[in-house]
Amino acid sequence: MLQCAASMNVGVGSFCDPVGLDGLAHFLGIAFFLILLFYLLFHGGSRNAFTDYEMTNYFFDVNTDCFEEALDR
């Protein structure tokens, strides 16, 4: 089956973590993707993310017929 992919870059990274809350940007990235995880698993997709110093990037792929709904999520 054909797949579609998307990527979103957010201008918030680990340099934006408040003092004493190291890793907050990475944690929030993981929490965000948990919402999408089960949908992608049931529709032939996968996802990943990475947190850099000044940005966080989320990306996923999914079966073509489910792409618009995955974007909505």
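Here is a short chat about reading a predicted model, from its overall layout down to N57.

Me: Where do I start: how many helices and strands does the protein have?

Reply: Begin by counting elements, then put them in order. This predicted model has two helices and three strands, and from the N terminus they go β-α-β-β-α.

Me: What does the UniProt annotation cover?

Reply: Treat a record as a label to hold against the model. The unreviewed UniProt entry puts "domain: Peptidase M16 N-terminal" on residues 3-73. Over that stretch the chain is 35% helix and 31% strand, with 17 Å between the end C-alpha atoms.

Me: And the overall dimensions: what box do the C-alpha atoms fill?

Reply: Look along the principal axes: the box is roughly 45 × 20 × 15 Å. Then check burial, where 27% of the 73 residues count as buried. The protein exposes about 5,000 Å², and carbon and sulfur atoms supply 63% of that.

Me: How do I read contacts along the sequence?

Reply: Ask how far apart the partners sit in the chain. Taking contacts with a separation of 6 or more, residues 24 or more positions apart account for 63% of them.

Me: Let's zoom in on one residue. Is N57 buried or exposed?

Reply: Use the relative accessible area, where buried means under 20%. N57 comes out at 9%, so it counts as buried. Its place is in strand β3, residues 56-63.

Me: Which side chains make polar contacts with N57?

Reply: Check each pair and its distance. The N57 side chain pairs with that of S7 at 3.1 Å and with that of N9 at 3.4 Å. Beyond its neighbours within four places in sequence, N57 also has contacts including M8, N48, A49 and F50.

Methods:
Residues are numbered from 1 along each chain as its sequence is written. This is a predicted model: local features need pLDDT of at least 70, side-chain atom pairs count only at pLDDT 80 or more; totals for chains, interfaces and linings use all residues. Side-chain values use heavy atoms; hydrogens and water are left out. Helices (H or I, at least four residues) and strands (E, at least two) are DSSP runs, numbered from the N terminus. Buried means under 20% relative accessible area, exposed over 50%, partly exposed in between (1.4 Å probe, protein chains only). Contact means heavy atoms within 4.5 Å. Accessible areas come from the Shrake-Rupley method with a 1.4 Å probe; for residues, only the protein chains shown count as cover. UniProt positions are given in the numbering used here, feature names are shortened, and annotations may be inferred rather than shown by experiment. A polar contact is a pair of N or O atoms within 3.5 Å; within protein, one must be able to donate a hydrogen and the other to accept it, and residues adjacent in sequence count only if both atoms are side-chain atoms.
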